[in-house]
Amino acid sequence: MTPLLRVQGLARSYRLPRKHLFAPPQRLQALQGVSFALEAGRSLGVVGESGSGKSTLARLVMALEVPSAGTVHFEGRDLHALSAAELRRARAGFQMVFQDPFGSLDPRQTVARIVAEPLEAQCLGSSAERRECASEMLAAVGLRSTDLEKYPHEFSGGQRQRIAIARALVTRPKLIVADEPASALDVSVQAQVLNLMQDLQDRFGLSYLLISHDLAVVGLVCDEVIVLHQGRVVESGSVERLFRHPEHAYTRRLLAAASGAQPSFHDGGDARRAAATDHSTSPREKPR
């Protein structure tokens with residue numbers, strides 16, 4: 001069975017400024033040979049310290065940048081081999097939620113326009129139909145239809161992130177790439193947003209590619225995890241296996257930095273919510 005998302009041998013380098021006029025050009029290797037697969041309805045966490053290549057990976061998966069090598073296949077199609085028109089149509093199937101819920105929303109636009117923007121970009125539906133879809137998605141993320149005429153500055157940080165999630169959902173995608181979706185929020189609000197993401201996954205059959213430096217977030221939301229270090233995958237596997245029996249020294253350092261001890265495990269939704277609030281490193285245990 002073809003996975004929803006398959007990344008093979010992905011690499012990305014950037015040209016650095018010359019130190020002086022006659023110096024040879026240098027390059028920064030941000031990603032090197034990254035490969036993984038994500039099945040439909042599952043969630044994959046990508047963890048690593050700042051500068052490990054996490055956000056670069058997210059941009060390549062979203063086809064916002066072109067890889068130096070390797071491929072990104074979504075539903076069996078190589079995204080970077082598509083024409084501009086084909087890629088635009090394909091984007092309805094994968095959307096992104098960014099780290100900063102205020103910076104990712106246009107302060108000059110109403111919520112109605114912001115949430116319906118992907119539909120307009122895809123030329124889907126009439127103006128009235130797009131507005132109706134925006135209203136439905138706001139309700140799905142716990143906001144009201146009366147919020148449609150408001151502007152981003154009228155909401156709290158957690159509410160703005162809900163608006164960003166509603167915008168990502170409006171085309172009914174199969175994949176959402178979430179780049180640090182809770183790190184800019186207060187700790188108490190983080191748990192609410194992460195639990196919302198879990199509920200939406202169950203409701204809409206979503207797959208998540210979750211980028212995070214926070215192991216508690218990954219443990220709460222994800223089924224599988226890959227660990228990036230200096231642009232390379234140093235360890236991968238199920239969340240439970242990695243949290244209980246990390247094999248790579250870098251993974252063990254990440255776990256130690258997060259908890260100062262071996263992570264504990266919790267059962268049930270209430271315990272998972274408490275784990276997210278307390279920033280423990282307890283993995284999500286999904287019913288199978």
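Author: Two strands pair if DSSP finds at least two bridges between them. This model is predicted. Let us start with its strands.

Reader: What is the bridge partner of Arg6 in strand 4?
Author: Look at strand 1 and strand 4 (residues 69–74). They pair in the antiparallel sense over 5 bridges. In one of these strands, strand 4, the bridge partner of Arg6 is His73.

Reader: Over how many bridges do strand 1 and strand 2 pair?
Author: Strand 1 covers residues 5–16, and strand 2 covers residues 26–38. Leu5 stands opposite Leu38 in strand 2. Arg12 stands opposite Leu31, also in strand 2. The pairing is antiparallel, and the count of bridges is 9.

Reader: Which strands stand at the edges of the open sheet, and why is one side of each left without a neighbour?
Author: Strands of a sheet pair through backbone hydrogen bonds. Here 4 strands form an open sheet with antiparallel pairing, in the order 2-1-4-5. Each edge strand has a single partner strand, so one side of it has no neighbour in the sheet. The edge strands are strand 2 and strand 5 (77–78).

Reader: What distance separates the C-alpha atoms of Met1 and Glu39?
Author: Met1 lies in the segment before strand 1. At 93% relative accessibility, it counts as exposed, because the cut-off is over 50%. Along the chain, Met1 and Glu39 are 38 residues apart. Their C-alpha atoms are separated by 9.1 Å.

Reader: Is Glu75 buried, partly exposed or exposed?
Author: Glu75 sits in the loop between strand 4 and strand 5. Most residues other than glycine have a negative phi. Glu75 has a positive one, near 55 degrees. Its relative accessibility is 40%, and values from 20% to 50% lie in between the other two classes, so Glu75 is partly exposed.

Reader: In which loop is Gln230 found?
Author: Gln230 also has a positive phi, near 55 degrees. It has a relative accessible area of 58%, so it is exposed. Its place is the loop between strand 9 and strand 10 (232–238).

Reader: Leaving aside neighbours within four places in sequence, which residues is His229 in contact with?
Author: His229 is in strand 9 (residues 224–229). Its relative accessibility is 18%, so it counts as buried, the cut-off being under 20%. Once neighbours within four places in sequence are left aside, the contacts of His229 are Glu49, Ser52, Val234 and Tyr250.

Reader: The side chain of Gln190 reaches which residue's backbone oxygen at 3.2 Å?
Author: Gln190 lies in helix 6 (residues 187–204). Its relative accessible area is 7%, so it is buried. Its side chain reaches the backbone oxygen of Leu185 at 3.2 Å. It also reaches, at 3.2 Å, the backbone oxygen of Ala182.

Reader: What covers the buried residues of helix 3?
Author: In an α-helix there are 3.6 residues a turn, so residues three or four places apart point the same way. The buried residues of helix 3 are Val111, Ala112, Ile114, Val115, Ala116, Pro118 and Leu119. After the helix comes Cys123, with a positive phi near 55 degrees. The cover over those buried residues includes strand 6, helix 4 (127–140) and helix 5.

Reader: Which residues lie nearest the centre of the largest pocket?
Author: The volume of the largest pocket is about 430 Å³. Three elements give two or more residues to its lining: strand 6 (94–97), helix 3 (111–121) and helix 5 (157–169). The lining has 15 residues. Nearest the centre are Gln95, Phe98, Glu117, Pro118 and Arg167.

Reader: What share of the 288 residues in the protein is buried?
Author: Start with the secondary structure, which comes to 10 helices and 10 strands. Then turn to the surface. The protein exposes about 13500 Å², and carbon and sulfur atoms supply 49% of that area. Of the 288 residues, the buried share is 50%.

Reader: Among contacts between residues at least 6 apart in sequence, what percentage joins residues at least 24 apart?
Author: His229 gives an example of contacts along the chain, with Glu49 as one of its partners. Now take the whole protein. Among contacts between residues at least 6 apart, the part joining residues at least 24 apart is 66%.

Key:
Residues are numbered from 1 along each chain as its sequence is written. This is a predicted model: local features need pLDDT of at least 70, side-chain atom pairs count only at pLDDT 80 or more; totals for chains, interfaces and linings use all residues. Side-chain values use heavy atoms; hydrogens and water are left out. Buried means under 20% relative accessible area, exposed over 50%, partly exposed in between (1.4 Å probe, protein chains only). A polar contact is a pair of N or O atoms within 3.5 Å; within protein, one must be able to donate a hydrogen and the other to accept it, and residues adjacent in sequence count only if both atoms are side-chain atoms. Contact means heavy atoms within 4.5 Å. Accessible areas come from the Shrake-Rupley method with a 1.4 Å probe; for residues, only the protein chains shown count as cover. On a 1 Å grid over the protein atoms alone, a cavity is a set of points where a 1.4 Å probe fits but cannot get out, and a pocket is an open set with protein on both sides within 12 Å along at least five of seven lines; lining residues have an atom within 4 Å of a point. Grid points are joined across faces, edges and corners, and a volume is the space filled by probe spheres set on the points.
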